[in-house]
Amino acid sequence: MKASTAKEELLDKGLQIDHEQFEQLCKMVIERAEPTRKLELTPFRGDGGIDIHAVIDRELFHARLGVQAKQYATGNSVGARTLRGFKGALSEQQYHIGTVITTSSFTSGAETSADQDFIRLIDGDRLTDIMVESGIGVVTDDESYELDPTFWSAFEKPERTDTIPSLEVPQADNFELIRTVIQAVGMGSDTKPDIAEYVRRQTHSDSFDPRQADYYGIAAWLLQFLHKEQEVEIDNHTIRRWGLTRLGEEYLTYLDRGNRESADALLTQQIRGVEIISRVYAQLEEDGTLSRRDITEILADETTLSDSTTRRRARTVGEWLVCLPEITTSGRGSEQQYVLDSTPR
């Protein structure tokens, strides 16, 4: 397709993803278009209008960059009032420079306001220009452009379908390691070889390998603490990268502040939201007690797992269940029991 058509399709894609995914897209665009460090989504919804934070280091200056992402439909322009609020957030949080990125356009009042304080405005036309010029979300061949399916697959979320894909049944059963993997990504170790190395350093153990790093990254993705980033080529192999979601940033912030109670509450909330956990939990509510054998049967009915895999994954699902405060367990093996305490907590 022509570049103009590719831009239209990129804009459509930018409007089809949800708001936080659009922020992740803007983060990816910044990463490709502008060398930065500490590039991350801001941790909390109460961020005062700053969606993305970065530090720009150059030979002659150092600056904190604050970015606001506005996923607006065409015709719903960003106005001067939004710019005034953004300026206040930049000043309050001591940012040196700011950028507003939108899928739409800016009013003349917004443009005047931005010019007064040297704020960069990126409208939908300029955003898709950057993406086409930098090969972000598209692939090109002899001046012909196509959407890059590998890039857009990074925005896949766990599905809510009748049959749950095997990828969405957790294989990682150690929540301390899940926590360490999330911390690894937060520290910039965002591919499975780097994650494995980080975990080995933190645990003083050589037993954690890149294959496990993938399992644990997927577990954190199911919990919505990590999102998929653009893939990279390492030693002629294409490797998935991970990035922190806003929930992941929030979770690490609680841990960094020593607020384990809030971190655990957020983790519990996210475990409840994992589709296979919610389906097993619904059966547990109905029966009051489930054995691991029962969970294996539920996995066989509800997922695409093979027969040889369901028993192993049933054990892991059981480990996730007992992280919920109202569930207790006893026994071992296929007859291990999971009991729901109906007493309000």
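1. Start with the helix pair H13 and H14, bearing in mind that this is a predicted model. Helix H13 covers residues 292-302 and helix H14 covers residues 307-321; their axes come within 8 Å and cross at roughly 115 degrees. The two helices therefore count as roughly perpendicular to each other. As for handedness, H13 passes H14 in a right-handed crossing.

2. Which residues make the contact between these helices? On the H13 side they are Arg-292, Ile-295, Thr-296, Leu-299 and Ala-300, and they meet Thr-310, Arg-311, Arg-313, Ala-314, Arg-315, Val-317, Gly-318 and Leu-321 of H14.

3. Ile-295 deserves a second look. Setting aside neighbours within four places in sequence, Ile-295 touches Val-280, Leu-290, Ala-314, Val-317, Gly-318, Leu-321 and Tyr-338. Ile-295 also belongs to the largest nonpolar core, a set of 54 residues, where it is listed with Ile-178, Leu-223, Tyr-251 and Trp-320 as having the most contacts inside the core. Another core, of 30 residues, lies apart from that one, and Ile-30, Ala-54, Tyr-145 and Trp-152 are among its members. As background, nonpolar side chains tend to be buried together in soluble globular proteins.

4. Next, the three-stranded sheet. This one is open, ordered E10-E12-E11, with antiparallel pairing. Strand E10 (289-291) and E11 sit at the edges with a single partner strand each, so one side of each has no neighbour in the sheet. Ignoring direction, neighbouring strands here are turned by 20 degrees against each other on average. Helix H12 (residues 275-287) packs on the sheet and touches E10, E11 and E12, its direction making about 125 degrees with that of E10.

5. If you want to trace the pairing in that sheet, begin with strand E11 (residues 327-330) and strand E12 (residues 337-340), which are antiparallel over four bridges. Thr-328 stands opposite Val-339 in E12. The two strands form a hairpin with six residues between them, and Gly-331 in the turn has a positive phi of about 85 degrees. On the other side of the pairing, E10 and E12 run antiparallel and are joined by three bridges, with Ser-291 partnered by Gln-337 in E12.

6. There is also an open sheet of five strands, in the order E1-E2-E3-E4-E5, and its pairing is mixed. Its edges are strand E1 (37-41) and strand E5 (120-122), each with a single partner strand, so one side of each is left without a neighbour in the sheet. From one strand to the next, the twist averages 20 degrees. Helix H2 (residues 19-33) lies across E1, E2, E3 and strand E4 (97-102), and runs at about 165 degrees to E1.

7. Within the five-stranded sheet, strand E2 (residues 52-57) and strand E3 (residues 62-70) run antiparallel and are joined by six bridges. Ala-54 has Leu-65 in E3 as its bridge partner; Ala-54 is also one of the residues in the 30-residue core.

8. Finally, two backbone oddities to check by eye. Gln-94 has a phi near 60 degrees, a positive value in a residue other than glycine, and sits in the loop between helix H3 (80-92) and E4. Is Gln-94 buried or exposed? Its relative accessibility is 61%, so Gln-94 counts as exposed. His-204, not a glycine either, has a positive phi of about 55 degrees. His-204 lies in the loop between helix H8 (192-203) and helix H9 (210-222), and counts as exposed at 74% relative accessibility.

Key
Residues numbered from 1 in each chain as written. Predicted model: local features only at pLDDT ≥ 70, side-chain atom pairs only at ≥ 80, totals over all residues. Heavy atoms only, no water. Pairing = 2+ DSSP bridges. Axes fitted to C-alpha atoms, helices over the stretch in contact; angles between N-to-C directions. Contact = heavy atoms within 4.5 Å. Core = buried A, V, L, I, M, F, W, Y, C linked by side-chain atoms within 4.5 Å. Buried < 20%, exposed > 50% of the residue type's maximum accessible area, 1.4 Å probe, protein only. Parallel < 35°, antiparallel > 145°, perpendicular 65-115°, else oblique. Left-handed = near helix turned anticlockwise from the far one by under 90°.
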